[in-house]
Amino acid sequence: MSPSNPNTTSQSNEIDLSTILSNQNKEELIRIILDLSEDYPEIEKQLLFKYSSQKDEVSSAKKLITESINSAKRKGFIDWRHVGQHYKVQN
């Protein structure tokens, strides 16, 4: 491909995706989000956490934390190498 091709840069791909999505109706956008959340359950969790009502915020946060802990632990413990960098104590 030549450098003048607009599809060779990631920025042009983002613009293309934005254009495509902005041309979709509401029902199609909902279908796209639901399809993605079926393939990637973490997307569903993030969307539910971000867009749930204020009264559900605490219960959503507890559920998200519990699921994160349960997915990381083995035999009741979280191995140090599985702890994210932002959780490790800096010396």
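## A walk around the helices and their side chains

Select Lys50 to begin: this residue is exposed, with a relative accessible area of 60%. Exposed means over 50% relative accessible area, buried means under 20%, and partly exposed lies in between, using a 1.4 Å probe and protein chains only. What you have open is a predicted model, in which local features need pLDDT of at least 70, side-chain atom pairs count only at pLDDT 80 or more, and totals for chains, interfaces and linings use all residues. Residues are numbered from 1 along each chain as its sequence is written, and side-chain values use heavy atoms, with hydrogens and water left out.

**Stop 1: the whole protein**

Zoom out and switch to a cartoon view. You should find four helices and two strands, arranged from the N terminus as α-α-α-α-β-β. Helices (H or I, at least four residues) and strands (E, at least two) are DSSP runs, numbered from the N terminus. Of the 91 residues, 3% count as buried. Now show the surface: the accessible area is about 8,400 Å², and 56% of that belongs to carbon and sulfur atoms. Such areas come from the Shrake-Rupley method with a 1.4 Å probe; for residues, only the protein chains shown count as cover.

**Stop 2: helix α3**

Go back to Lys50, which sits in helix α3, residues 41–51. Draw a line from its C-alpha to that of Ser60: the two residues are ten apart in sequence and 9.1 Å apart in space. Next pick Gln46, also found in helix α3. Is Gln46 buried or exposed? Its relative accessibility of 55% makes Gln46 exposed. From the C-alpha of Gln46 to that of Leu64 is 8.5 Å, although 18 residues along the chain separate them.

**Stop 3: helix α2 and its cap**

Select residues 26–39 to light up helix α2. This helix has 14 residues and spans 20 Å from first C-alpha to last, close to the 20 Å expected at 1.5 Å a residue; the expected span is 1.5 Å times one less than the number of residues. Add Asn25, which caps the N-terminal end of α2 with a side-chain oxygen 3.2 Å from the backbone nitrogen of Glu27. This is a polar contact, a pair of N or O atoms within 3.5 Å; within protein, one must be able to donate a hydrogen and the other to accept it, and residues adjacent in sequence count only if both atoms are side-chain atoms.

**Stop 4: a charged trio**

Show the side chains of Glu28, Arg31 and Asp35, which are linked in a network of salt bridges. A salt bridge is a side-chain nitrogen of Lys or Arg within 4 Å of a carboxyl oxygen of Asp or Glu. Side chains of opposite charge can pair when their charged atoms come close.

- Glu28 and Arg31 meet at 2.5 Å, N to O, and lie three residues apart in α2, about one turn of the helix.
- Arg31 and Asp35 bring their closest N and O atoms to 2.5 Å; being four residues apart in α2, they are separated by about one helical turn.

How many salt bridges does the structure hold? The answer is two. Colour the trio by accessibility and you will see partly exposed residues: Glu28 at 24%, Arg31 at 41% and Asp35 at 31%.

**Stop 5: a buried serine**

Stay in α2 and select Ser37. Ser37 is buried, with a relative accessible area of 9%. Its side chain reaches the backbone oxygen of Leu34 at 2.8 Å. Leaving aside residues up to four places away in sequence, Ser37 touches Ile43 and Glu44, where contact means heavy atoms within 4.5 Å.

**Stop 6: a nonpolar patch**

Finish with Ile33, another α2 residue, partly exposed at 42%. Together with Leu47 and Tyr51, Ile33 makes a nonpolar surface patch of about 300 Å². Patches are made of residues with over 30% relative accessible area and no salt bridge; like charges are joined within 9 Å, nonpolar side chains (Val, Leu, Ile, Met, Phe, Trp, Tyr) within 5 Å.
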